Every structure is written in C-alpha cells, then in structure tokens.
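Grab your viewer and work through these exercises with the structure at hand. Each one comes with a solution to check yourself against.

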Amino acid sequence: YIIGRYIAINYDDFKKIKNSSLVILIVVCFCLAFTFNSLASNYFQQNYILFSLDNSIYILIQSICIFLLFEGKKYYNKIINKLASYNFAVFLYNNIIISYLLKETITTFISVHSRFVNVVFLIGMVLLSHVVCIIMEVIRKILFGKINDKFISSLCSKLGNISIMENYLKY
C-alpha cells in the first residue's frame, strides 16, 4: 500500500520511465534471483529459493515494473477479463492447495526427475492449481451468489438510493 501510494503521488515521474527500461529491469532482477538461488542451492545442496520468495526485493521490483508496464493501457479481451475476475480467488485458494494438498507430491516428483521434466511438471501444477481454484470459485458463486446478491441489495437499500454502489458490488 505504501509503494502504491508513493507511485500515485509521483505518477508523473513514473510515466517518464521508458517501457524498454522496465523490461530490462525485470529481466535483470529475474536473472539475479535465478543466479543467487542457483548458487545458494549448490552451496547448501538443497533447493534454495530465498531470492524468489514473495518478500524478496527482486520480486518486489519485478512486480512494480510489471504494474508500471500495464498501468494505463487499455486492453479488452472477453476471455482474459473473465479469467482476471478470478485472480483474487486464485490468490486466496492457491496457498491452501499448494501448501496442504500438493506439497508432498511436488517434493516427491522433483527429487527423482530431470530438470526439464521438473520445469514442465511445475508449470503444469501451476496451471492445474489455477484451474482448481477457478472451479472452486465458480462453485462458491453458484452456492452463495444469491445470498450475496440479497445481502448487497438490502445493504444498498438501507444506505439509500446508491445505484452506483449496487452496480459496483454485484458480480
């Protein structure tokens, strides 16, 4: 939130940054994180991903650069917009699925296969976990959607005639 507020306050300065500079910074941060993770993994003789965790400075810089690349751009694609509506649910459910349901499977599989097979497997697991999260969210919307709509309608009627808010809060 602090970084987002800082970007909002200094938005004119951030608009001056060229897209090519942002892409270069993303690639450099990725390469640094990959290199440091590889060196640490070789040194400690185990998978070491400290430089790729969510709170890593490299991931933070990459996230800000990606945000700045796409901020203000106007894209419209029906499929992508539909999938994007599930991002928050994927964020919430994904940790549960990976941590509790798939962690043992992933660890076992990675320990016995080659690097290429592991990369393909991990990409497949990420896609599978996203699909499972989206299915869970669709089921949640079907089961609780009407209850949520009634709650929002009653809340809006109690707050007064705020049709803008009602349209914003509905699915």
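**Exercise 1.** Is E137 buried or exposed? Work that out, then find its salt-bridge partner and the gap between them.

*Solution.* Keep in mind that this is a predicted model.
- Step 1: locate the residue. E137 is found in helix α7.
- Step 2: check its accessibility. The relative accessible area of E137 is 8%, and the cut-off for buried is under 20%, so E137 is buried.
- Step 3: look for a partner. E137 makes a salt bridge with R140, and their closest N and O atoms are 2.8 Å apart.
- Step 4: place the partner. R140 sits in α7 as well, three residues from E137, or about one turn of the helix. Residues three or four places apart point the same way, because an α-helix has 3.6 residues a turn.
- Step 5: check the partner's accessibility. R140 comes out at 25%, so it counts as partly exposed.
- Step 6: look further along the chain. Y86 is 51 residues away from E137 in sequence, yet the C-alpha atoms of the two are separated by 7.2 Å.

**Exercise 2.** How many salt bridges does the structure hold? Describe the one formed by K16.

*Solution.*
- Step 1: count them. There are two salt bridges in the structure.
- Step 2: find the partner of K16. That's D13, with the closest N and O atoms 3.9 Å apart. The cut-off is 4 Å, so the K16 and D13 pair qualifies.
- Step 3: see how open each end is. K16 has a relative accessibility of 65% and counts as exposed, while D13, at 45%, counts as partly exposed.

**Exercise 3.** What secondary structure does the chain have? Work out what share of its residues is buried.

*Solution.*
- Step 1: tally the elements. You should get eight helices and zero strands.
- Step 2: write the order down. Starting at the N terminus, the elements read α-α-α-α-α-α-α-α.
- Step 3: turn to burial. Of the 171 residues in the chain, 19% are buried.

**Exercise 4.** Test the length of α4 against what its residue count predicts, then say which of its residues are buried.

*Solution.*
- Step 1: work out the expected span. α4 has 14 residues, and at 1.5 Å a residue they should span 20 Å. (The multiplier is one less than the number of residues.)
- Step 2: compare with the model. The end C-alpha atoms of α4 are 20 Å apart, so the two values agree.
- Step 3: list the buried residues of α4. These are Y58, Q62, C65, L68 and L69.
- Step 4: see how they are arranged. They cover an arc of only 130° around the axis, so they lie on the same side of α4.
- Step 5: zoom in on one of them. L69 has a relative accessible area of 14%, so it is buried. Measure from its C-alpha to that of K18 and you'll get 8.9 Å, although the two residues are 51 apart in sequence.

**Exercise 5.** Which residues lie nearest the centre of the largest pocket, and which element gives the most to its lining?

*Solution.*
- Step 1: get the volume. The largest pocket has about 2100 Å³.
- Step 2: look at the lining. It is made up of 37 residues, and those nearest the centre are N47, I49, S52, I110 and L122.
- Step 3: assign the lining to elements. α3 (19-44), α4 (57-70), α6 (87-112) and α7 (115-159) each give two or more residues. With eleven residues, α6 gives the most.
- Step 4: sort the lining by class. You should end up with 17 nonpolar, 17 polar and three charged residues.
- Step 5: move on to the second largest pocket. Its volume is about 160 Å³, and it is lined by Y1, I3 and G4.

Conventions
Residues numbered from 1 in each chain as written. Predicted model: local features only at pLDDT ≥ 70, side-chain atom pairs only at ≥ 80, totals over all residues. Heavy atoms only, no water. 1 Å grid on protein atoms, 1.4 Å probe; cavity = no way out; pocket = protein on both sides within 12 Å on 5 of 7 lines; lining within 4 Å. Points joined across faces, edges and corners; volume = space filled by probe spheres on them. Helix = DSSP H or I, 4+ residues; strand = E, 2+ residues; numbered from the N terminus. Nonpolar A, V, L, I, M, F, W, Y, C, P; charged D, E, K, R; others polar. Salt bridge = Lys/Arg side-chain N within 4 Å of Asp/Glu carboxyl O. Buried < 20%, exposed > 50% of the residue type's maximum accessible area, 1.4 Å probe, protein only. Arc of directions from axis to C-beta.
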